[in-house]
Amino acid sequence: MDIGHLSDAIDKVNRSDVAFWHYDVVDGVFNQCLILGDLLYPYLKEKSRLPIEIHLAVEQPERYIDIFSRYKLDYIAVHAETMNEPERVFRRIRECGALPVLAYRAETPPGEDFVDLAKKCAWVLKLTVNPGFSGQKIQDAAVRHIREMSDRLIHAGIGCRIQADGNVNEKTVHTLYEAGARIFTGGSSGLFTKERSIQENVVRLIQSAQCS
């Protein structure tokens, strides 16, 4: 969204059918860029009526959970690649009043512990591009991973949804939906566009996802 007109952008999202905010935090180590921190978060939380998912694309996620623990929290996404003790990290998130979300990089396949971890979380976040850089194409491996995750969750009888994050737009969303994703992170290529309003884009994305 337009950070220079933040209040207006929040109002437009509040008036749309968007389900929740996706708030990226990238530390420059997990990926080679820096995105947001904690100072913008309380403003967004105050002005928005929607829940917020904090996506910690960071090394040492517990450090950042502690930083955000001073605020009212809804969801915190933490990466399987960065957790030595996932159960402890999930417990810390719940102690902060939030629900954990299990996240994977675009190139990371689900490991043997995937189902056990997923059933302890609100949903699974699967990056389809590298975090932090707009304009990337979805990685084919990420789509295969979503399909594998979906198959394994269905086989285990777990109703845990998969979120696709990265390059979600009218041309890509159906492929992601067919692979098994049911939550979609909209960004500059599909949700915040100059040609149409946010609500118009939400409607078009949903229609494109479900088209046969």
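**A walk through a predicted protein chain**

Arg88 is partly exposed, because its relative accessible area of 36% lies between the limits for buried, under 20%, and exposed, over 50%. The structure to which Arg88 belongs is a predicted model, and this residue offers a convenient point of entry.

Arg88 has a partner in Glu62: the two form a salt bridge in which the closest N and O atoms are 2.9 Å apart. Because Arg88 lies in helix α4 (residues 86-95) and Glu62 in helix α3, this pair ties together parts that are 26 residues apart in sequence. Glu62 also counts as partly exposed, with a relative accessibility of 25%. The arrangement extends to a third residue, for Glu62, Glu85 and Arg88 are linked in a network of salt bridges.

It is useful now to consider the chain as a whole. Its secondary structure comes to eight helices and eight strands. How does the radius of gyration of the chain agree with that of a compact globule? With 212 residues, a compact globule would have a radius of gyration near 17 Å; the chain has 16 Å, which agrees with that expectation. Along the principal axes, the C-alpha trace spans about 45 × 45 × 30 Å. Of the 212 residues, 50% count as buried.

The contacts describe the fold from another side. Among the contacts in the chain with a separation of 6 or more, 58% are made by residues that stand 24 or more positions apart. One may also ask how much of the accessible surface belongs to carbon and sulfur atoms. The accessible surface comes to about 10,700 Å², and carbon and sulfur atoms account for 48% of that area.

The charges deserve a paragraph of their own. The chain carries 26 positive and 29 negative charges, and the mean positions of these two groups are 3 Å apart. The structure holds 12 salt bridges, of which the pair of Arg88 and Glu62 is one.

A further salt bridge joins the side chains of Asp38 and Arg70, with a distance of 3.9 Å from N to O. This pair links distant parts of the chain: Asp38 belongs to the loop between β2 (34-35) and α2 (41-47), whereas Arg70 belongs to the loop between α3 (61-68) and β4 (75-79), and 32 residues separate them. Are these two residues buried or exposed? Asp38 counts as buried because its relative accessibility is 16%, which is under the limit of 20%. Arg70 counts as exposed because its relative accessibility is 58%, which is over the limit of 50%.

Glu170 and Arg204 supply another example, as their salt bridge brings the closest N and O atoms to 3.0 Å apart. Glu170 lies in the loop between β7 (162-165) and α7 (173-179) and Arg204 lies in helix α8 (residues 198-210), so the pair ties together parts that are 34 residues apart in sequence. Glu170 is partly exposed, with a relative accessible area of 31%, and Arg204 is partly exposed as well, with 34%.

Attention may next turn to the backbone. Which residue in the loop between β7 and α7 has a positive phi although it is not a glycine? That residue is Asn167, whose phi is about 60° and whose place is in the loop named above. Asn167 counts as partly exposed because its relative accessibility is 22%. Gln60 is likewise not a glycine, yet it has a positive phi of about 50°. The place of Gln60 is in the loop between β3 (52-57) and α3.

Helix α6 makes a suitable final stop. Ser150 lies in this helix, which covers residues 140-156. Ser150 is buried, because its relative accessible area is 12%. When residues up to four places away in sequence are not counted, Ser150 touches Ile162, Ala179 and Gly180. His155 is found in helix α6 too, but His155 is exposed, with a relative accessible area of 75%. Helix α6 thus includes a buried residue, Ser150, and an exposed one, His155. Finally, the C-alpha atoms of His155 and Val78 are separated by 24 Å, while the two residues are 77 residues apart along the chain.

Technical notes
Residues numbered from 1 in each chain as written. Predicted model: local features only at pLDDT ≥ 70, side-chain atom pairs only at ≥ 80, totals over all residues. Heavy atoms only, no water. Helix = DSSP H or I, 4+ residues; strand = E, 2+ residues; numbered from the N terminus. Rg over C-alpha atoms; globule rule 2.2 N^0.38 Å. Buried < 20%, exposed > 50% of the residue type's maximum accessible area, 1.4 Å probe, protein only. Contact = heavy atoms within 4.5 Å. Areas by Shrake-Rupley, 256 points an atom, 1.4 Å probe, with all protein chains shown as cover. Lys, Arg positive; Asp, Glu negative; His and termini not counted. Charge placed at Lys NZ, Arg CZ, Asp CG, Glu CD. Salt bridge = Lys/Arg side-chain N within 4 Å of Asp/Glu carboxyl O.
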